[in-house]
Amino acid sequence: MRTAYRVETVRSAERALMARVPEGALMQRAAAGLAAACADLLGRVYGRRVVLLVGSGDNGGDALYAGARLARRGAGVTAVLLAPGRTHAAGLAALRRAGGRAIAPTGAEDVVRRADLVLDGIVGIGGKGGLRPDAAALAAIVAEARAAVVAVDLPSGVDADTGEVHGSAIRADLTVTFGTHKPGLLVDPAREYAGSVRLVDIGLGGELPAEPELAALQHADVAALLPVPGGESDKYRRGVVGIAAGSARYPGAAVLAVAGALRGGAGAVRYVGPAGDAVVARFPETLVSDQGPRRAGRVQAWVVGPGAGDDAQTVAEVLAAEVPVLIDADGLRLADADAVRGRTAPTLMTPHAGEAAALLGVAREEVEAARLRSARELAARYRATVLLKGSTTLVAQAGGAGVVRVNATGTAWLATAGSGDVLSGLAGSLLAAGLSALDAGSAGAYLHGLAGRFAADGAPVGAHEVAAAVAGAWRDVRR
């Protein structure tokens, strides 16, 4: 599991560790890891041109010490000093001893354009509010250059705690971060600026608290969550999920949600809605009812909303059930907010950015720019677990507090009609199997993302192909 901590937590851990190690030890550890990552990216260090963009903070010191290491291996290293009077003095002296040189920003354009690698040490993890004009001008030059770009700890101009980007920012090919991931490295839009991320261990692990700000599940974590039938299992013990979805206009939403539920491991699926014929034609094992959710029979969880049109009565009936409920698509629009807040059984809401914006009463762009804050706010407002779909899917716990799960297995090819319906059925089946709303949402998003990658393999696909690939995602996770 990859974990990320807020800046304040990281700073506190660094202070605790620095009190027990020699002065400057942490910076030397960081610089060594940074230089090694740069060398790996360059392939050959001797004779290469390296430019350091050096601000006034410790990130600038990290860049200078790393530059000194590269200079000693034969690289031509030039440091562009954005704050000459506040540059890390010991780091600058080390660079000069190694044969590197320092210049003012006014002479930076030519050296950046001729560089093989640019090391971004302008702003550290405490930076807020975007880049200042002189740094923004450098960022524009870097964006047009051919050099590989490596960010020190975090790309300058992005917010470490929130993943928000205000104005200009450095766009890196590789970010070398120290001690632990920062939330901004895992959450878009900042994640897009980070490129690949390499974590350098500087010894912070023992100083960090048990609960991070963000956690990204890996294969082993998801494998441990997935329900596997035993010798005494039957369809009821494996979990029966109810699907209340579809309408005359959107019968396919019902088919896709049922597909996701069946591929997600449900022991049985009960379908309620007007698309029963279409569902049975595709999945004859489905148990179909036309009596509404209350009379559909026993279920361990409900999924309501995909393609539901204006069927508010069905949504209300599902919300009144005393089992876990997943609300998606039209169900999010039709659900009474007080009914959601008043539920005693777990509730999982799965909006995309547009639906989240409507629920919060803001513009879609505001949600997309502040995904972490938006997910937490929705979870607090509705007292429900919230899975905010998107380029990085976030799962915030009911109430908005505690660790937020982040998933990055998805692919842009999943941005296709019906893909969300598959996810709702998949996550609903995991709810019915007994997983918590947080775990069902996290594991469902992880499997859904993998399925999208497997189905697409770089080419356009439809939601039905994504659903068919879920089984392959299961096998890959449990292998």
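**Sheet architecture and local backbone features**

R383 is exposed in this predicted model, with a relative accessible area of 56%. This arginine lies in the loop that connects helix 17 (371-382) with strand 16. Its phi is positive, at about 55 degrees, although R383 is not a glycine. A second residue other than glycine with a positive phi is D153, for which the angle is near 75 degrees. D153 belongs to the loop between strand 6 and strand 7. Whereas R383 is exposed, D153 is buried, with a relative accessible area of 5%; this value falls under the 20% limit for burial. Most residues other than glycine have a negative phi, and most peptide bonds are trans. A cis peptide bond occurs between D188 and P189, with omega of about 10 degrees. P189 is located in the loop between strand 7 and helix 7 (190-194).

Strand 7 (residues 174-178) adjoins both of these loops, the one that holds D153 and the one that holds P189. Five of the five residues of strand 7 are buried, so the strand is largely enclosed by the rest of the structure. L174, V176 and F178 point one way from the strand, while T175 and T177 point the other way. Burial thus applies to the residues pointing in either direction. Strand 7 pairs in the parallel sense with strand 6 (residues 148-152) over three bridges and, also in the parallel sense, with strand 8 (residues 196-200) over five bridges. V176 takes part in both pairings: V152 stands opposite V176, and R198 is the bridge partner of V176 in strand 8.

An open sheet is formed by 11 strands in the order 1-9-18-17-16-15-14-13-10-11-12, with mixed pairing. Its edges are strand 1 (2-4) and strand 12 (287-289), each of which pairs on one side only. Neighbouring strands of the sheet are turned against each other by 20 degrees on average, direction ignored. Within the sheet, strand 14 (residues 325-327) and strand 15 (residues 347-349) pair in the parallel sense over three bridges. In this pairing, V325 has T347 of strand 15 as its bridge partner. Helix 19 (residues 437-456) packs on the sheet and touches strand 15, strand 16 (385-388), strand 17 (393-396) and strand 18 (404-407). The direction of helix 19 makes about 10 degrees with that of strand 18. Strand 16, one of the strands touched by helix 19, follows the loop that contains R383.

How values were computed. Residues are numbered from 1 along each chain as its sequence is written. This is a predicted model: local features need pLDDT of at least 70, side-chain atom pairs count only at pLDDT 80 or more; totals for chains, interfaces and linings use all residues. Side-chain values use heavy atoms; hydrogens and water are left out. Two strands pair if DSSP finds at least two bridges between them. Helices (H or I, at least four residues) and strands (E, at least two) are DSSP runs, numbered from the N terminus. Axes are lines fitted to C-alpha atoms, for helices over the stretch in contact, and angles run from 0 to 180 degrees between N-to-C directions. Contact means heavy atoms within 4.5 Å. Buried means under 20% relative accessible area, exposed over 50%, partly exposed in between (1.4 Å probe, protein chains only).
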